[in-house]
Amino acid sequence: MYGELTDKDTSEKVRLTFENYEMNSFEILMYKKNRTPVWFFVKIAPIRNEQEKVVLFLCTFSDITAFKQPIEDETSKGWGKFARLTRALTSSRGVLQQLQPTVHKGENVHKHSRLAEVLQLGSDILPQYKQETPKTPPHIILHYCTFKTTWDWVILILTFYTAIMVPYNVSFKTKQNNVTWLVVDSIVDVIFLVDIVLNFHTTFVGPAGEVISDPKLIRMNYLKTWFVIDLLSCLPYDVINAFENVDEGISSLFSSLKVVRLLRLGRVARKLDHYIEYGAAVLVLLVCVFGLAAHWLACIWYSIGDYEVIDEETGILRTDSWLYMLGETVGSPYRFNASGSGKWEGGPNKDSVYITSLYFTMTSLTSIGFGNIAPTTDGEKIFAVAMMMIGCKWCFPILSWSTPSQSTFDVFQN
């Protein structure tokens, strides 16, 4: 695009701007393919990725021929200045577009809501250099398109559902004989399986910040990263456990393998950095994480009590266990069936046990501890100590992160 009238010093500055990865702007005379001279206002801006490496340059060319001294060529010799300016204006389509109003009368300007920005469902939140959709094969999905963003939210919700139900089913040894829950879990398994298929056809960001759309590279990247975990998480464990003739040991093994689904939370954690700048989103996120941690600890607390309340070797009932005391309190004590199975039966129902366990873990994590539920066995005491340490580690960072300002204290005092 350079020619005989292009300023050599300006072209050298353009070259140094690219070599030094700088941001700069110039007014420079360039030429079209038909050798017509045109004045451009050029803006050059380097685009950096997360590693602060320049991955591309954003160059903006604005036609300013009409605002410069009209250029005299062979066809315009003898013309006046006004005539040459008129020809420059009418021959430059870019200048006419610049001089047109950006919004016409009656035209609606669409603005994305704050919620759409947080949910990443709007195209305007993409960087300006990503507005032009890259060319991809027909069966490849862009990782930032609206469909993929909506699908990621569906997977996020189902992952939290899994994170709640899997520990509960494993700890309380529930066999999914309920047809409704069995259908729901089967639908979740199918959706996770569809997610695996979509991940084999979804672009990803390469190490240099570029969008990778090659099908072979996409398959290799997914096989090396999350494929094994996703495959183990979508196996139909609940359907296998639903059969009555499944051995109890095999059933317990499949129930334990369901914990692998919790590894999907690692994929969720990578997407949370976007929401750190939104105060309300951080608050909701902290409450959800705290409730999820309390739920997991409640399931472990019940498992310890259920394991220690009855000695399997001697068949002796431990009257100092919190499960035994809860059964006496709610009117569902343990009783020995001497005429039938010859084992201890009864005890509090699972709903009461779970609510009590969650109540105890909540009070322990928040360092309240009313004492109405207390650990008595060695295993329960060790777990209670570990839970208190977790509560301290949880509370201190939150307090340091959300320390109120002096003005906040003044408002409360007034």
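For the cavity lining in this predicted model, Ala, Val, Leu, Ile, Met, Phe, Trp, Tyr, Cys and Pro count as nonpolar, Asp, Glu, Lys and Arg as charged, and the others, Gly among them, as polar.

**View A. The second largest cavity and its lining residues.** With that sorting in hand, the wall here splits into 4 nonpolar and 4 polar residues, with no charged ones. The residues that line this second largest cavity are Y359, F360, T363, G369, F370, G371, N372 and I373. Its volume comes to about 40 Å³. Counting cavities of 30 Å³ or more, the model has 2.

**View B. T17 in helix α1.** Here we zoom in on T17, which sits in the helix spanning residues 8-19. T17 has a relative accessibility of just 1%, so it counts as buried, the cut-off for that being under 20%. Its side chain reaches back to the backbone oxygen of K13, at 2.7 Å. Leaving aside residues up to four places away in sequence, T17 touches E22, N24, F26, I44 and F57.

**View C. The cysteines C59 and C288.** Pull up C59 and you'll find a residue at 31% relative accessibility, so it counts as partly exposed. C288 comes out at 39%, so it is also classed as partly exposed. Both calls rest on the band between the buried cut-off, under 20%, and the exposed one, over 50%. Don't go hunting for a disulfide in this model: the count is 0.

Methods
Residues are numbered from 1 along each chain as its sequence is written. This is a predicted model: local features need pLDDT of at least 70, side-chain atom pairs count only at pLDDT 80 or more; totals for chains, interfaces and linings use all residues. Side-chain values use heavy atoms; hydrogens and water are left out. On a 1 Å grid over the protein atoms alone, a cavity is a set of points where a 1.4 Å probe fits but cannot get out, and a pocket is an open set with protein on both sides within 12 Å along at least five of seven lines; lining residues have an atom within 4 Å of a point. Grid points are joined across faces, edges and corners, and a volume is the space filled by probe spheres set on the points. Helices (H or I, at least four residues) and strands (E, at least two) are DSSP runs, numbered from the N terminus. Buried means under 20% relative accessible area, exposed over 50%, partly exposed in between (1.4 Å probe, protein chains only). A polar contact is a pair of N or O atoms within 3.5 Å; within protein, one must be able to donate a hydrogen and the other to accept it, and residues adjacent in sequence count only if both atoms are side-chain atoms. Contact means heavy atoms within 4.5 Å. A disulfide is a pair of cysteine sulfur atoms within 2.5 Å.
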